[in-house]
Amino acid sequence: MAYGTGLAQRGRPWSGGAAPCQVATRPISGRKGGGFQPAPGPGETARSFPGRDLPKQAGITLRERKKRMPDPTKWHELKKPIDGGRATYQKKSWNPMKHTWGPYTKKGPAPVWFSEANATNWTESMICKTKDLFYESKMNECFDKNEEVAIKIHYGEYNRTAILRPEFIAAIVEEVKACGGHPYVVNDTTLSYHTFNNMAISQYQMEGAIRHGYNAATFKCPVLIADGYSGEDDYRVELPEGLILKETYIGRAIAEADSMIVLGHARGHSITMYGGVLKQLGIGCQSKRGKYITHMAHWGDPHDAIGWPKFTDNCPGKSCKFHEMCDNSCPRNAHKVTANGKEWYPERCRLCYSCQVTCIFSGMTGITFEENYFPNAMIAHADAALGAMKCFEKGKVGFMNFAIDVVPECDCFPWAGMSLCPDVGIFASKDLIACEMATLDAIDAAPISPGSVADEKGLKPGDDKFREVNGFSPRITMAAGAKIGLGTQEYKQINYEPVLTPENAAKWQVRPGGVPTTVRLREVFKHHDLATEVMPFQRTEYDKDWVWNEWKKYDPFKGETPG
Ligand code: SF4
Ligand code: SF4
């Protein structure tokens, strides 16, 4: 099975296609090289991942080598405890859990409001419909007057083009303000993900956000990073209900908010297969260490985690043209390229994806993921989403999915593939899982966009698009979310299209309910009307028939109007 086929190197597997892990252990006698070259510290052990030519060099067969090599995902050779640990972080972290958090599932199907991505007049603008759905779904009741309202969005990677357009976010900010709330737009830092990721450091992430138009000038409210300069400002949340995780960490500016409106760009994802509002909570609201624990898809002894980088014997070492980029990809100097392969220092590794993703983005298969990792990560991020929800009283969080630019990959990719289907529309609900299910069903029912990866794979309307494109069905996540009380998979879709009336046309204009632009211009023209000042124009001879007959010659259709 191939995963992540929405990548540039389509068909390149995230896992599964690579050869089994080939590991040798050998001590390193001293620091080699300088700069970014890592060397083991006291008590650390390097593990080598030589390339395909090692069996010949080492003079042993592949089978013998496999027998001797330990599983690289085990840390059983650690000589000393890892720095930090529960003893310190549990003392220092406040637990913001609210006593009146969920479960969020009521009996029966949950209502989800939907407006299609089409418009033929003022009232049907997608921005106007965003505002309408805010009120139709009673999102205005998620907060009281003077409360601090976090507007959670994804700021998008530098050079990313398929992002949620800033107008949608500004529209919600305007209505939160109009209802007496104090909005601020917020996102957390990410892990390093790959060599050129910009979202791991708040300053870099904000530079990208500003370039996307996500700034205070556009939104007319503060635009924050929730977990501090490099992701160290967070709170711990206990998750005894979690299916995999038993705790997580939420960015402080989110945990401290009174309520939250979550705006999701519905599109694919290479790890969780799909990303909408649940992913905004399960990864987007997690601080750096919340993301580490969620990506590891494990809680407990990290030796047993499934998410460690999987080194294969496909790395050719220094003859790989990306080897310098690869060496620079680790923020902890936990791996280095050798002449014929790689060495890894598991004591330093904190599972950030940077080495795997750099290798995969480069079209190589030297580092990848365990095949069964993905469903674990999908379920873990549902657990982590519960962690974010537990920071709010029940009923204080609302969700909107924008199925627009439904591309195969996440907004944290520094590019965007072609949309899998035409734009679908906007979904709004106070039930997280119902909102996601309605969005997924509508995306699956939509036609296939020509030229997209869905088209290349021969998909038909009705196929589970994200399963076929990315590897597993996102319904796994939704079932996990429903099981831990995040919402219901049953939904009742309420289609909403505004009626064209003079009142509705005037409702969401730049001066809502005020004087129309044309009436205001009457006043302006009274003082200074340039058009009348240049009149009367000099009259010249003008043959209308000649113009029509002459210019018809240049029309490929010779002036015929479409049938
Ligand atoms: S070795 Fe570990 S810490 Fe370093 S880039 Fe790879 S996953 Fe991240
Ligand atoms: S990018 Fe992949 S193949 Fe190239 S040196 Fe790094 S691990 Fe090896």
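**Close-up views of the predicted model**

**View 1. The shell around ligand 1 in the predicted model.** The residues of the shell around ligand 1 comprise seven nonpolar, three polar and two charged. Four cysteines, Cys330, Cys349, Cys352 and Cys355, are among the residues around the ligand. Arg332 and Arg350 also belong to this set, as do Ser329, Ser354 and His335. Pro309, Ala334 and Leu351 complete the surroundings of ligand 1. The model shown here and in the following views is predicted.

**View 2. Helix 4 and its covering elements.** Helix 4 spans residues 126-136 and is largely enclosed by the rest of the structure, because eight of its eleven residues are buried. The buried positions are Met126, Cys128, Lys129, Thr130, Lys131, Asp132, Leu133 and Phe134. Among the elements that cover these buried residues are strand 3 (110-116) and helix 5 (166-178). Strand 16 (397-403) and strand 17 (425-429) also contribute to the cover of helix 4. After the helix comes Lys138, which has a positive phi, near 60°.

**View 3. The largest nonpolar core.** This core contains 143 residues. Ile151, Ile169, Val185, Ile254, Ile261, Leu263 and Leu486 are the residues with the most contacts inside it. Helix 13 (residues 373-389) supplies the largest share of the core, namely twelve residues. The core lies between domain 1 (24-81 + 308-368) and domain 2 (127-286 + 382-495), because both domains give residues to it. In soluble globular proteins, nonpolar side chains tend to be buried together.

**View 4. The surroundings of Ile261.** Ile261 is one of the residues with the most contacts inside the largest nonpolar core, and it is part of strand 9. Leaving aside neighbours within four places in sequence, Ile261 is in contact with Met139, Cys142, Val149 and Ile151. Its contacts on the same basis also include Ile172, Val176 and Gly398.

**View 5. Strand 9 between its two pairing partners.** Strand 9 (residues 259-265) is mostly covered, with seven of its seven residues buried. Ser259, Ile261, Leu263 and His265 point one way from the strand, whereas Met260, Val262 and Gly264 point the other way. Strand 4 (residues 148-152) pairs with strand 9 in the parallel sense over four bridges. In strand 9, Ser259 stands opposite Val149. Strand 16 also pairs with strand 9 in the parallel sense, here over six bridges. Phe402 in strand 16 stands opposite His265.

Key: Residues are numbered from 1 along each chain as its sequence is written. Chains are lettered from A and ligands numbered from 1 in the order in which they are written. This is a predicted model: local features need pLDDT of at least 70, side-chain atom pairs count only at pLDDT 80 or more; totals for chains, interfaces and linings use all residues. A residue is near a molecule or strand if its C-beta atom, placed from the backbone, lies within 6 Å of it. Ala, Val, Leu, Ile, Met, Phe, Trp, Tyr, Cys and Pro count as nonpolar, Asp, Glu, Lys and Arg as charged, and the others, Gly among them, as polar. A residue is buried if 20 or more other C-beta atoms lie within 10 Å of its own, exposed if 12 or fewer, and partly exposed in between; C-beta atoms are placed from the backbone. Two residues are in contact if their C-beta atoms, placed from the backbone, lie within 7 Å. A nonpolar core is a set of buried Ala, Val, Leu, Ile, Met, Phe, Trp, Tyr and Cys residues joined through C-beta atoms within 7 Å. Domain bounds come from an automatic or database domain assignment. Two strands pair if DSSP finds at least two bridges between them.
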